[in-house]
Amino acid sequence: MQERQVDIAIIGAGVVGLATALSLAPTGLQIALFDAQPKPSAGPQGTALNDWDRRVTAVTPESIRFLTSLNAWPLIEESKRGGAYTDMFVWDSEGTGHVHFTASDLNIESLGTIVESSLTTQALITATEAASNLSIHWGMRLESMDIEAESVRFTTSSGDTVIADMTIGADGGRSKSRELAGMRTREWRYGQNAIVATVRVEPHHSHACWQAFLPTGPLALLPLAGDDLCSIVWSLDDALSDHWIQADHDTFVAGLNRALSGRGPQVQEVSDPQMFPLIQCHAVDYSQGRFVLVGDAAHSIHPLAGQGINLGLSDAQTLRNEIVRAHQRGADWCSPQVFSRYERQRKGHNLGMMATMQAFKWGFGSKNPAVTLMRNIGLNSVDALPMAKRWFVQQAIGAK
C-alpha cells in the first residue's frame, strides 16, 4: 500500500475518460486514470458476424476532429473497420412521414462514421503510450473518496491512497465516483431495453443509416465497414424485448424485416444479440469542490441519435479548454470557478438533447391519431424545407 500524489486523477478509462486525459496531457500536468476493469484485450479482428463489437457509436465529424487531434482517429482509420455514412433515411412506420438527410446538404463528405466502441477505446489506449505524464491503472476499483478544500483524496481496491489536486468522474452512467461524492441525479427508466447485434444485409447498405420509428420504439440499421454488414439498435418495451432476445434466428430476422417495412436493405443473417436497459440520468450539478463529472457520469441519454459519445467528447473538449485557459494564465486551474464555466457551457446543451430524445420517445410512442398525424406532417415538412433539413443535419453531426 502506498500514497500517490498526482495533479489530475480520472476515474474511468473508457472513451471519454481517455480522451479527457489525452487532451490535458500537453499541459505537462501529472495525470493518472483508474479503472475498475482489467485492461481490455485488443478485441476481435475478424469479419464474421460475431467478430464485431455489438456496441457501436455514430461518431460525428466534430468528434472525429477531436479524436484526430489526440492521434487516435488515424489508428481507427488504419483498422478499416469504420463505416462512414453519407445519408440518413428516417420514417414513421405508422404513416407516410419520412425525411432523407444527406451529406450534400452541408457540402461535406459524410455525416459521420459508425465505429465499434471497443475499437475507439483501443485507439485511445494506444495513443496514451506516447504521453510520459499519463498513466493508467487497470483493475483498481474506487473504495472511498473525500473531497477536501484543496484536493480530492480517494482509496482504491489495491489499498493505495491517491491525493489529486482535482479528480474527474468519467466512470459511466452508474458512476461510483458520483455516488461517493454524494451528488444528486434525476433518473428515470424508459421502460425499454435496447437489443444490439450485427447483421448481414442484401443489397448493399449504400453507406446510409436507416431508422424506423415504431410504436414500440425505434429501430436503427447502421452501416459497418463491410458493404453487406450493419449494426442494429432495436429499442423495445420491456415485455417485447424479452420476447425478441429469446427468439430463434429466423424469427428474429423476420421480425427485423417486418419492422423495416421494405424501406432499407433486407436482413439476411444476424449475430448473437445482446440487450441492455435504457435509462436516462442527469446529475443535478456537474461539480463539487475539486471534483467534476464528464460524459455519462454527468448525463446518459437514449441511444436514439447515437449522440451519447459525442456529448461526452464535447464535455472533454470544453473542460480541457477551461483548464488550459486558467493554467496558461497562471490561475488556479482546478478551482470551482473553472468548473462552473464548464458546466454553464455544457449543461444547457446536454439537457436540450435529453429533452429532444424524450419528446421523440413520447411522440413516436403515442397511439393517439392526432399525434400520429402531426408527426407525419412534421417529418414531411422537414423533408420539404431545405433550411429545416440543414438545421437538423447540423444538430445530428455536431456542427457549430
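**Rings, cores and one helix**

Trainee: Over which ring does the charged end of Arg-55 sit?

Mentor: Keep in mind that this model is predicted. The charged end of Arg-55 lies 3.9 Å from the centre of a ring and sits over it. That ring belongs to Phe-276.

Trainee: And which ring has the charged end of Arg-81 over it?

Mentor: Look for a ring whose centre is 4.0 Å from that charged end. The ring is that of Trp-52.

Trainee: How many aromatic pairs does a search of the whole structure find?

Mentor: One of them joins Trp-234 and Phe-252, with ring centres 5.8 Å apart. Their planes stand at 70°, so this pair is edge-to-face. Across the whole structure, the number of aromatic pairs is six.

Trainee: How many residues apart in sequence are the parts tied together by Trp-234 and Phe-252?

Mentor: Trp-234 is in strand β15, residues 229–237. Phe-252 is in helix α7, so the pair ties together two parts of the chain. In sequence they are apart by 18 residues.

Trainee: Are Trp-234 and Phe-252 buried or exposed?

Mentor: Buried means under 20% relative accessible area. Trp-234 meets that, and so does Phe-252. Both are buried.

Trainee: Which residue forms one aromatic cluster with Trp-234 and Phe-252?

Mentor: Look at another ring beside Phe-252, with centres 6.4 Å apart. The planes are at 75°, and over 60 counts as edge-to-face, so this pair is edge-to-face. The residue is buried. The cluster is completed by Trp-244.

Trainee: What span does helix α7 reach from its first C-alpha to its last?

Mentor: Helix α7 covers residues 249–260, which is twelve residues. At 1.5 Å a residue, 16 Å is expected. The helix comes close to that, reaching 17 Å.

Trainee: Which backbone nitrogen does a side-chain oxygen of Asp-248 reach at the start of α7?

Mentor: The oxygen comes to within 3.2 Å of the nitrogen. A polar contact needs N or O atoms within 3.5 Å. The nitrogen belongs to Asp-250.

Trainee: Which residue follows α7, and what is its phi?

Mentor: The residue after α7 is Ser-261. Its phi is positive, near 55°.

Trainee: Which helix gives the largest share of the largest nonpolar core?

Mentor: That core has 66 residues, and Leu-124 is among those with the most contacts inside it. The largest share is seven residues, from a helix of residues 15–24. That helix is α1.

How values were computed
Residues numbered from 1 in each chain as written. Predicted model: local features only at pLDDT ≥ 70, side-chain atom pairs only at ≥ 80, totals over all residues. Heavy atoms only, no water. Helix = DSSP H or I, 4+ residues; strand = E, 2+ residues; numbered from the N terminus. Expected span 1.5 Å × (residues − 1). Polar contact = N/O pair within 3.5 Å; in protein donor to acceptor, adjacent residues only side chain to side chain. Phe/Tyr/Trp six-rings, centres within 6.5 Å; stacked < 30°, edge-to-face > 60°. Buried < 20%, exposed > 50% of the residue type's maximum accessible area, 1.4 Å probe, protein only. Lys NZ or Arg CZ within 6 Å of the ring centre and 35° of its normal. Core = buried A, V, L, I, M, F, W, Y, C linked by side-chain atoms within 4.5 Å.
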